[in-house]
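Please work through the exercises below with the sequence and the structure at hand, trying each task before reading its solution.

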Amino acid sequence: MFTHTTRRRLVIGGAALTATALALTGCGRSADGGDSAPKATTSIGDGPATGDLTVWAMGTEGENLPKLTAAFEQANPGVKVKVTPIPWDAAHSKFTTAITAQTVPDAAMVGTTWMGEFADLDALDPTPGSIDTSGFFEGANETTKVGDTSYGVPWYVETRLVYYRKDLAAKAGITTPPTDWDGLKAMAKAMKEKAGAKYGINLQPGGTGSWQTVMPFAWSAGAAITGDDQKEFTFDTPQMQEGLKYYQSFFTDKLAGTDLPPNQTEAQFVSGEVPMFISGPWMAGSVAKLGGEKIKPNIGVFQLPKNKTATSFVGGSNFVVFKNSKNKDSAWKLVKWLSDAKTQAQWFKLSTDLPAVKSAWEDPSIANDPLLPVFGKQLEDAKAPPAIVNWEQVATAFDAEVEKMAKSGQSPADTAKAIQTKAASIGTGS
């Protein structure tokens with residue numbers, strides 16, 4: 001499960017913001033300030049990449065990336081790329097230490113929810129205008145932005161869909177996946193009453209990372225995490241309450257349970273105990289591995305149901321260049337190359353990470369897959385939290401209040417108010 005946990009950590013951000021990291025913010029800025037501060041890259045040269053490049057990447061991505069950069073070195077004979085794999089559990093502290101000591105690599109893979117913190121430390125080089133970002137999924141591209149400035153490019157993406165057992169859906173009389181909130185509720189009820197499931201759908205009853213499943217329903221109801229200026233939180237709104245009320249109703253109606261053992265989603269799906277859940281693309285392989293050939297044709301997915309919108313969560317990883325890089329021109333050439341549709345399709349074949357560039361999804365390895373194109377459609381309407389410094393702490397507070405709502409019956413109105421109060425006391429960090 002390490003690979004799957006790694007992917008989840010990409011979106012969670014890997015580690016909560018520590019007091020030490022916050023204390024380093026001032027140090028990072030003062031170290032980079034003054035007349036000697038590195039200047040932002042405004043354009044990328046026309047010639048080939050040259051010189052030495054150091055790159056950091058986490059988990060299995062760090063292990064696989066050298067296979068990809070070897071092709072970049074062949075296309076640019078004057079450059080040498082050294083990739084250092086970093087364990088996810090050590091990555092956050094390694095980055096913040098390197099930023100303070102000014103010993104950062106030239107470029108790196110960065111989890112989407114770290115962008116605000118690292119930009120606040122004045123560590124990232126803004127994306128040059130010569131890099132065309134129009135080909136990326138909009139939601140993924142937004143994860144690179146802190147305020148109005150983009151730092152880096154989306155490297156790969158993931159989003160969440162509803163998984164369901166096709167055979168049990170047929171038994172429950174469901175021939176077409178639902179497209180709206182009422183339809184999802186009706187399907188969960190039918191799965192329980194007609195297909196013999198213990199619960200119709202597996203929804204996380206609070207706890208770490210539950211915001212990633214709850215917020216899509218809130219977004220779809222028209223809610224927002226912050227105002228447009230990203231200075232004030234906006235959790236306590238009628239739209240947020242509407243999303244929370246819908247989510248809570250699955251537990252109130254006994255269509256989702258708070259008593260399911262954790263980390264057993266695949267087993268519960270394969271056994272038919274809980275034949276629906278919401279998760280990312282990695283779960284298809286995980287379920288197939290557990291259930292074998294018998295389960296594969298019965299794995300179905302559909303986009304999140306619509307209220308005002310049908311918005312899901314977008315996660316993944318970005319690729320950035322650090323301001324203190326001594327070879328920024330070649331580093332940006334590497335990042336631009338990693339963003340090419342052909343390169344992204346090749347990376348998918350090496351890693352199964354989904355491309356952030358839309359046109360890469362036309363590659364047969366993705367287009368002909370029975371499930372992946374649905375993820376591509378969902379990515380057209382997917383969001384991430386704004387890149388704010390203190391998001392990790394806010395997310396922890398959010399998860400705790402959702403748990404009270406799901407397990408103890410705390411009202412959606414009180415839940416929204418409590419999240420707002422806690423988030424406001426934490427602040428955005430900007």
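The exercises that follow concern a predicted model, and each is paired with a worked solution.

**Exercise 1.** Determine how helix α10 and helix α18 are oriented to each other, and state the handedness of their crossing.

*Solution.* Begin with the two elements themselves: helix α10 covers residues 238-252 and helix α18 covers residues 412-426, and their axes come within 9 Å of each other while crossing at roughly 125°. Next, compare this angle with the cut-offs, by which 65 to 115 degrees counts as roughly perpendicular and over 145 as roughly antiparallel. The angle of roughly 125° belongs to neither class, and α10 and α18 are therefore oblique to each other. Finally, the crossing of α10 and α18 is right-handed.

**Exercise 2.** Identify the residues through which α10 and α18 meet, and sort the residues of this contact by character.

*Solution.* On the side of α10, the residues to find are Met240, Gln241, Leu244, Lys245 and Gln248, and they meet Pro412, Ala413, Thr415 and Ala416 on the side of α18. Sorted by character, the residues of this contact comprise five that are nonpolar, three that are polar and one that is charged.

**Exercise 3.** Decide whether Asp414 is buried, partly exposed or exposed, and find how far it lies from Asp236 in sequence and in space.

*Solution.* Asp414 is a residue of helix α18. Its relative accessibility is 47%, and since partly exposed residues are those between 20% and 50%, Asp414 counts as partly exposed. As for the second part, Asp414 and Asp236 are separated by 178 residues in sequence, whereas their C-alpha atoms are 8.9 Å apart in space.

**Exercise 4.** Describe the surroundings of Thr213, and explain why the helix that holds it can be called largely enclosed.

*Solution.* First, locate Thr213 in helix α9, which spans residues 211-220. Its relative accessible area is 10%, and because buried means under 20%, Thr213 is buried. Leaving aside residues up to four places away in sequence, Thr213 touches Leu203, Tyr247 and Ile278. Turning to the whole helix, 10 of the 10 residues of α9 are buried, so α9 is largely enclosed by the rest of the structure. Just after α9, Gly222 takes a positive phi of about 100°.

**Exercise 5.** Find which residues of the largest nonpolar core touch the most other members, and name some residues of another core.

*Solution.* The largest nonpolar core has 76 residues, of which Leu65, Phe95, Tyr163, Phe319 and Phe322 touch the most other members. Apart from this core lies another, of 49 residues, which includes Leu203, Ile225, Leu244 and Phe251. Two of these names have appeared before, Leu203 as a contact of Thr213 and Leu244 as a residue of α10 that takes part in the meeting with α18.

Technical notes: Residues are numbered from 1 along each chain as its sequence is written. This is a predicted model: local features need pLDDT of at least 70, side-chain atom pairs count only at pLDDT 80 or more; totals for chains, interfaces and linings use all residues. Side-chain values use heavy atoms; hydrogens and water are left out. Axes are lines fitted to C-alpha atoms, for helices over the stretch in contact, and angles run from 0 to 180 degrees between N-to-C directions. Helices (H or I, at least four residues) and strands (E, at least two) are DSSP runs, numbered from the N terminus. Angles under 35 degrees count as roughly parallel, over 145 as roughly antiparallel, 65 to 115 as roughly perpendicular and the rest as oblique. A crossing is left-handed if the near helix is turned anticlockwise from the far one by less than a right angle, and right-handed if clockwise. Contact means heavy atoms within 4.5 Å. Ala, Val, Leu, Ile, Met, Phe, Trp, Tyr, Cys and Pro count as nonpolar, Asp, Glu, Lys and Arg as charged, and the others, Gly among them, as polar. A nonpolar core is a set of buried Ala, Val, Leu, Ile, Met, Phe, Trp, Tyr and Cys residues joined through side-chain atoms within 4.5 Å. Buried means under 20% relative accessible area, exposed over 50%, partly exposed in between (1.4 Å probe, protein chains only).
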